[in-house]
Amino acid sequence: MNSIDIYTDGACKGNPGPGGWGAWLKSAQANKELCGGELGTTNNRMEMMAVIEALSALKRPCKVTLHVDSQYVLKGMTEWLPGWKARGWKTATKAPVKNVDLWQRLDVLVNGGEHQIEWRWVRGHNGDPGNERADALANRGVEMALQQR
């Protein structure tokens, strides 16, 4: 099974506002950069899209170390998801889970997929080269979204 490091980030100019996502996939064999954006979105949605697009780009089962700077994504996937699913995609206070469409996509990719995923939190904007690269890609995604106007 191939090993790969993935660094992801999201960015938003206004929240909501134009946003972008970026992912840097790094393995012994190759590096790949991905980015994209949307006009009316939130930072949390862009953080999630970065992970979704990165995992969707993998062509075969991989051992993934997934570096995220979003506590929302990290805790959602490692702590909150089982409870949300058990409650029919409701929070502990019985409110609908925000961004449920993206959480469901992530759930399929992470828990229904063939990848072995280790989640790692990275402090954003703190000099980590992988995170800085993902941040630059996310900001490129914002620019791409703005050009779609």
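The following dialogue introduces a predicted model to a reader who is new to it.

Residues are numbered from 1 along each chain as its sequence is written, and side-chain values use heavy atoms, with hydrogens and water left out. In this predicted model, local features need pLDDT of at least 70 and side-chain atom pairs count only at pLDDT 80 or more, while totals for chains, interfaces and linings use all residues.

Visitor: Which element of the protein chain has the highest mean pLDDT?
Guide: pLDDT is the predictor's confidence in each residue, from 0 to 100. The protein chain averages 96, and 100% of the residues score at least 70. Among the elements, which are DSSP runs numbered from the N terminus (helices H or I, at least four residues; strands E, at least two), the lowest mean, 96, belongs to helix α3 (residues 100-111) and the highest, 98, to helix α1 (residues 43-56).

Visitor: Where does UniProt place the feature "binding site"?
Guide: UniProt positions are given in the numbering used here, feature names are shortened, and annotations may be inferred rather than shown by experiment. The residues concerned span 61 residues in sequence, yet no two of their C-alpha atoms are more than 8.6 Å apart, so they gather at one spot. The unreviewed entry places the feature at Asp 9, Glu 47 and Asp 69.

Visitor: Is Asp 9 buried or exposed?
Guide: Asp 9 lies in strand β1 (residues 2-12), where eight of the 11 residues are buried. Buried means under 20% relative accessible area, exposed over 50%, and partly exposed in between (1.4 Å probe, protein chains only). At 2% relative accessibility, Asp 9 counts as buried.

Visitor: In which loop is the place of Asp 69?
Guide: Asp 69 counts as buried at 15% relative accessibility. Not counting residues up to four places away in sequence, Asp 69 touches several residues, including Asp 9 and Glu 47; contact means heavy atoms within 4.5 Å. Its place is in the loop between β4 (62-68) and α2 (71-86).

Visitor: How many bridges join β1 to strand β2?
Guide: Two strands pair if DSSP finds at least two bridges between them. On one pairing, β1 runs parallel to β4, with six bridges. Strand β2 (residues 17-27) runs antiparallel to β1, and Gly 10 stands opposite Trp 21 there. The number of bridges joining β1 to β2 is nine.

Visitor: What span should the 14 residues of α1 have?
Guide: The expected span of a helix is 1.5 Å times one less than its number of residues. The end C-alpha atoms of α1 are 20 Å apart, which agrees with the expected span of 20 Å.

Visitor: Which residue forms an aromatic pair with Trp 80 that is tilted?
Guide: Rings of Phe, Tyr and Trp (its six-membered ring) pair if their centres lie within 6.5 Å; planes under 30 degrees apart count as stacked, over 60 as edge-to-face and the rest as tilted. By this rule the count comes to five aromatic pairs. One of them has 5.8 Å centre to centre and 50° between the planes. The partner of Trp 80 in this tilted pair is Trp 84.

Visitor: Is Trp 84 buried or exposed?
Guide: Trp 80 and Trp 84 both lie in helix α2, four residues apart, about one turn of the helix. Trp 80, at 34% relative accessibility, counts as partly exposed. Trp 84, at 7%, counts as buried.
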